[in-house]
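I opened this notebook to record what I looked up in the model, entry by entry. The plan was to begin with single residues and then to work outward to the helices and the chain.

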Amino acid sequence: MRTPHLTIEAPRASRLPGPPPPSAAGRATTKGAPGVQSEPASSGVRTRSQHQRRRRIVQAAAALASRGGVEAMQMRTVAERAGVALGTLYRYFPSKMDLVVAVVSEELDLLESSIERRPPGATTAPGRAVDVLMRATRGLMREPELADALIRSLIMAEVDTPFGDRMTGLLLRVAGDELTAETATEEQFALAGSLASVWVHELLEMLRGRRTYEQIQRRIEIAATRLLADLQPPAPA
């Protein structure tokens, strides 16, 4: 049986080997099992078996959430499905929210690698941003229950999640010429972040049945045109 996953416009084979970025579970700040700390992302290269074990845990959590939401991601159930001891699970992820963050981080990795392989073809900054956001929308909606569970959990999260800043950074990179979160002005970063927030809201409305795909695309196009206007190159004289 295929493990449910938020496939975002890229095949699974495209996942790059190696540990996840530092913005994943190592940044979580919530408390889990007493005396247990999250496996630090900066502790060096994980062994192959550690990486495979971590990936099994994340996939097990995603599979459970796709059928029963975050409520189904009980730590003991995740451990049993992943084939690891409960104590091992807590060493990797001290809390359920750390698991949510890890699943989202993996999906962002997949989206970013998809964009690197197939950059947006639009000639305008807003057009490229819309391409990325609608590509992500199509992928998320392939697993609507999981998408709904993850997005709702992230909105209510009490942990430091990578979702907002990474989406903002991705929008800046595709919209501007060699623009990054580090080189963007405060205003540019805020505008790109606002567009990412609009997208999350519209995605939730779609999950609730209040928006169609076409309506979301039109709203994102309008928001991107207004918010990213200053990233447009000047028109030729």
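**Entry 1: D131 and I115**

I began with D131, which I found in helix α5, in a model that is predicted. I then asked whether D131 is buried or exposed. Its relative accessible area came out at 27%, and because buried requires a value under 20% and exposed a value over 50%, I entered D131 as partly exposed.

From D131 I went to I115, which lies 16 residues away along the chain, with a C-alpha to C-alpha separation of 9.8 Å. I115 belongs to helix α4, and with a relative accessible area of 7% I noted I115 as buried. Which residues does I115 touch once its neighbours within four places in sequence are set aside? I listed P120, V132, R135, L170 and V174 as its contacts. For one of these, L170, I also looked up the spacing: it is 55 residues from I115 along the chain, and the two C-alpha atoms are 9.0 Å apart.

**Entry 2: helix α4 and its packing on α7**

I next turned to α4 as a whole, which covers residues 96–117. I recorded 22 residues and a reach of 32 Å from the first C-alpha to the last, close to the 32 Å expected at 1.5 Å a residue. Of those 22 residues, 18 are buried, so I described α4 as largely enclosed by the rest of the structure.

I then looked at how α4 sits against helix α7 (residues 163–175), and found an angle of about 5 degrees with the axes 11 Å apart. That angle makes α4 roughly parallel to α7. On the α4 side I wrote down V104, S105, L108, D109, L111, E112 and I115, and on the α7 side F163, R166, M167, L170, R173 and V174.

**Entry 3: α7 against α8**

I stayed with α7 and looked up its packing on α8, where the angle is about 115 degrees and the axes are 8 Å apart. This makes the two helices roughly perpendicular, and I noted that α7 passes α8 in a right-handed crossing. Which residues make this contact? From α7 I have F163, D165, M167, T168, L171 and L172, and from α8 I have Q188, F189, A192, G193, L195, A196, W199 and V200.

For α8 itself (residues 186–207), I recorded 22 residues and a reach of 32 Å between its first and last C-alpha atoms, close to the 32 Å expected at 1.5 Å a residue. Its buried residues are Q188, A192, G193, L195, A196, W199, V200, E202, L203, L204, E205 and M206. After α8 comes G209, for which I noted a positive phi near 85 degrees.

**Entry 4: α5 against α9**

I returned to α5, the helix that holds D131, and looked up its packing partner α9. Helix α5 (residues 125–140) and helix α9 (residues 213–227) have axes that come within 9 Å and cross at roughly 150 degrees. I therefore entered α5 as roughly antiparallel to α9, and the crossing itself as right-handed. The contact draws on P126, V130, L133, M134, T137 and R138 of α5, which meet Y213, I216, Q217, I220, E221, A224 and T225 of α9.

**Entry 5: L86**

I made a separate check on L86, which is found in helix α3 (residues 86–92) and counts as partly exposed at 25% relative accessibility. Beyond its neighbours within four places in sequence, L86 is in contact with M75, R76 and A79. R76 lies 10 residues from L86 in sequence, and I noted 6.1 Å between their C-alpha atoms.

**Entry 6: the chain as a whole**

How many helices and strands does the chain have? I counted nine helices and zero strands, and reading along the sequence I wrote the pattern as α-α-α-α-α-α-α-α-α. Of the 237 residues in the chain, 50% are buried. I looked up the contacts between residues at least 6 apart in sequence, and 74% of them join residues at least 24 apart. My last note concerns the surface: the chain exposes about 12000 Å², of which carbon and sulfur atoms supply 52%.

Definitions and conventions
Residues are numbered from 1 along each chain as its sequence is written. This is a predicted model: local features need pLDDT of at least 70, side-chain atom pairs count only at pLDDT 80 or more; totals for chains, interfaces and linings use all residues. Side-chain values use heavy atoms; hydrogens and water are left out. Helices (H or I, at least four residues) and strands (E, at least two) are DSSP runs, numbered from the N terminus. The expected span of a helix is 1.5 Å times one less than its number of residues. Buried means under 20% relative accessible area, exposed over 50%, partly exposed in between (1.4 Å probe, protein chains only). Contact means heavy atoms within 4.5 Å. Accessible areas come from the Shrake-Rupley method with a 1.4 Å probe; for residues, only the protein chains shown count as cover. Axes are lines fitted to C-alpha atoms, for helices over the stretch in contact, and angles run from 0 to 180 degrees between N-to-C directions. Angles under 35 degrees count as roughly parallel, over 145 as roughly antiparallel, 65 to 115 as roughly perpendicular and the rest as oblique. A crossing is left-handed if the near helix is turned anticlockwise from the far one by less than a right angle, and right-handed if clockwise.
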